[in-house]
Amino acid sequence: MKKNYRKVFSIIILSFFFFFCPLLVKADGKASTGIRIEGKPYLNERFDIILYVRDISGTTNDDGLAAFAGDFYYDKDKLEFIEYKSLAPFSIRFVEPKMAGTATNYNYINGNHDIIKFTFRAKALGDAILDYPDNRQPDSLANPVHITGCREVLTITERPAPLTIDQTSIFVLTGKSKKLTASYNLEDTVTGSWTSLNPNIATVDNNGNVTGVSPGKTKIVYQTNNGYRVECEVTISNYLKGDVDRNGKITLADAMEVIYFYIQRKAPTEYSYATGDMNEDGKLNLSDAIQIINIYLEK
């Protein structure tokens with residue numbers, strides 16, 4: 001992905017250790033930053049990005065960070081910047097293009113600490129870049145510390161429908177079964193139940209297994225306890241297994257139909273799969289054609 005993201009701010013976060021004595025010591029060290037995503041980056045919806053810093057290692061003052069600054073970038077084609085909020089007890093200023101100023105607070109970090117919350121709106125689908133590159137502090141600052149940057153790529157997607165079903169129409173032979181699966185896509189926990197609108201044509205169990213009872217059409221419904229509902233139209237037929245051409249008997253022509261499907265001279269239908277998939281492996285192949293021929297020869 002080309003570098004089409006842009007700078008939001010040059011960030012100055014200024015803070016000195018609790019006592020003045022450490023300010024007299026130049027203690028080169030290292031601190032690392034990270035990016036945490038809070039919320040889901042769904043198209044046209046808001047979510048938060050947290051920039052945090054880990055405690056310093058390898059300095060004479062491991063209890064905290066004297067100061068740091070840097071440029072935070074985001075993908076302007078995918079993200080709309082809304083606002084920011086300081087999450088730490090620091091004097092925070094945003095300047096352009098370089099850092100400037102002096103510390104005004106006396107605070108320090110122990111462990112991981114959230115620094116800034118950025119709020120964005122996702123405005124286009126696809127991958128978006130968030131980047132806080134490495135940035136070394138000027139030697140004029142007390143206890144200059146090298147900040148290890150961080151980079152994150154997030155993927156913006158459409159918010160999924162609350163409830164989905166894997167098939168909206170199926171064909172089932174009488175006495176045979178086919179499974180339906182419903183998926184609840186929200187984070188809360190719900191229960192649901194399966195129902196057949198006409199159990200004289202098709203029944204369904206608690207696991208979504210639909211069984212053909214008699215020829216006809218009906219609908220299988222899955223509904224959650226909080227009101228979401230999905231449906232699948234079911235066609236039940238009592239044609240013979242292997243009777244691919246629907247003439248009421250099994251002949252060599254049925255085997256040829258399967259072969260045509262296998263070599264892609266014809267496009268199979270759901271009915272073709274239901275009657276021609278003899279070994280029920282989800283495919284129409286030569287094995288199915290051979291089984292149909294054997295049934296014909298045994299008559």
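## A three-stranded sheet

Let's start with an open sheet of 3 strands, which follows the order β14-β18-β17 with antiparallel pairing. This is a predicted model, so please read what follows in that light. The edges of the sheet are taken by β14 (177-179) and β17 (202-204); each has a single partner strand, so one side of each is left without a neighbour in the sheet. On average, neighbouring strands here are turned by 25° against each other, direction ignored.

Looking at one pairing in detail, β17 and β18 (residues 209-212) run antiparallel and are joined by 3 bridges. Within this pair, T203 sits opposite T211 of β18.

## A four-stranded sheet

Another open sheet has 4 strands, in the order β13-β20-β19-β16, and its pairing is mixed. Its edge strands are β13 and β16 (192-196), each of which pairs on one side only. Neighbouring strands of this sheet are turned by 25° against each other on average, again with direction ignored. As a general reminder, strands of a sheet pair through backbone hydrogen bonds, either parallel or antiparallel.

Both kinds of pairing meet at β20. With β13, strand β20 (residues 229-237) pairs in the parallel sense over 5 bridges. Here V172 stands opposite I236 in β20, and F171 has T235 of β20 as its bridge partner. With β19 (residues 216-224), β20 runs antiparallel, and 8 bridges join the two. Y222 is found opposite V230 of β20. The hairpin of β19 and β20 has 4 residues between the strands, and in this hairpin G227 takes a positive phi near 100°.

## Two nonpolar cores

Now to the interior. The largest nonpolar core has 21 residues, and I49, F72, L79, F120 and L130 are those with the most contacts inside it. At least two residues of this core come from each of β2 (29-38), β3 (46-53), β4 (67-75), β7 (113-122), β8 (126-132) and β11 (150-156). The largest share, 5 residues, is supplied by β7. In soluble globular proteins, nonpolar side chains tend to be buried together.

F120 is a good residue to click on if you want to explore this region. Leaving aside residues up to four places away in sequence, F120 touches I49, F72, L79 and L130, among others. Its contacts also include the charged residues E45, R46 and E80, along with F47, Y74, F81 and I82. A second, separate core has 16 residues, including L163, I201, C232 and I236. I236 is also the residue of β20 that stands opposite V172.

## The largest pocket

How big is the volume of the largest pocket? It comes to about 270 Å³. The pocket is lined by 13 residues, and the closest to its centre are K178, K241, Y273, A274 and E280. Three elements each supply at least two residues of the lining: β13 (169-173), β14 and α2 (270-276). Two of these elements bring us back to the sheets, since β14 is an edge strand of the three-stranded sheet and β13 is an edge strand of the four-stranded one.

## The chain as a whole

Stepping back, the secondary structure of the protein chain comes to 3 helices and 20 strands. The chain has 299 residues, of which 40% count as buried. Among contacts between residues at least 6 apart in sequence, 69% join residues at least 24 apart.

Conventions:
Residues are numbered from 1 along each chain as its sequence is written. This is a predicted model: local features need pLDDT of at least 70, side-chain atom pairs count only at pLDDT 80 or more; totals for chains, interfaces and linings use all residues. Side-chain values use heavy atoms; hydrogens and water are left out. A nonpolar core is a set of buried Ala, Val, Leu, Ile, Met, Phe, Trp, Tyr and Cys residues joined through side-chain atoms within 4.5 Å. Buried means under 20% relative accessible area, exposed over 50%, partly exposed in between (1.4 Å probe, protein chains only). Contact means heavy atoms within 4.5 Å. Two strands pair if DSSP finds at least two bridges between them. Axes are lines fitted to C-alpha atoms, for helices over the stretch in contact, and angles run from 0 to 180 degrees between N-to-C directions. On a 1 Å grid over the protein atoms alone, a cavity is a set of points where a 1.4 Å probe fits but cannot get out, and a pocket is an open set with protein on both sides within 12 Å along at least five of seven lines; lining residues have an atom within 4 Å of a point. Grid points are joined across faces, edges and corners, and a volume is the space filled by probe spheres set on the points.
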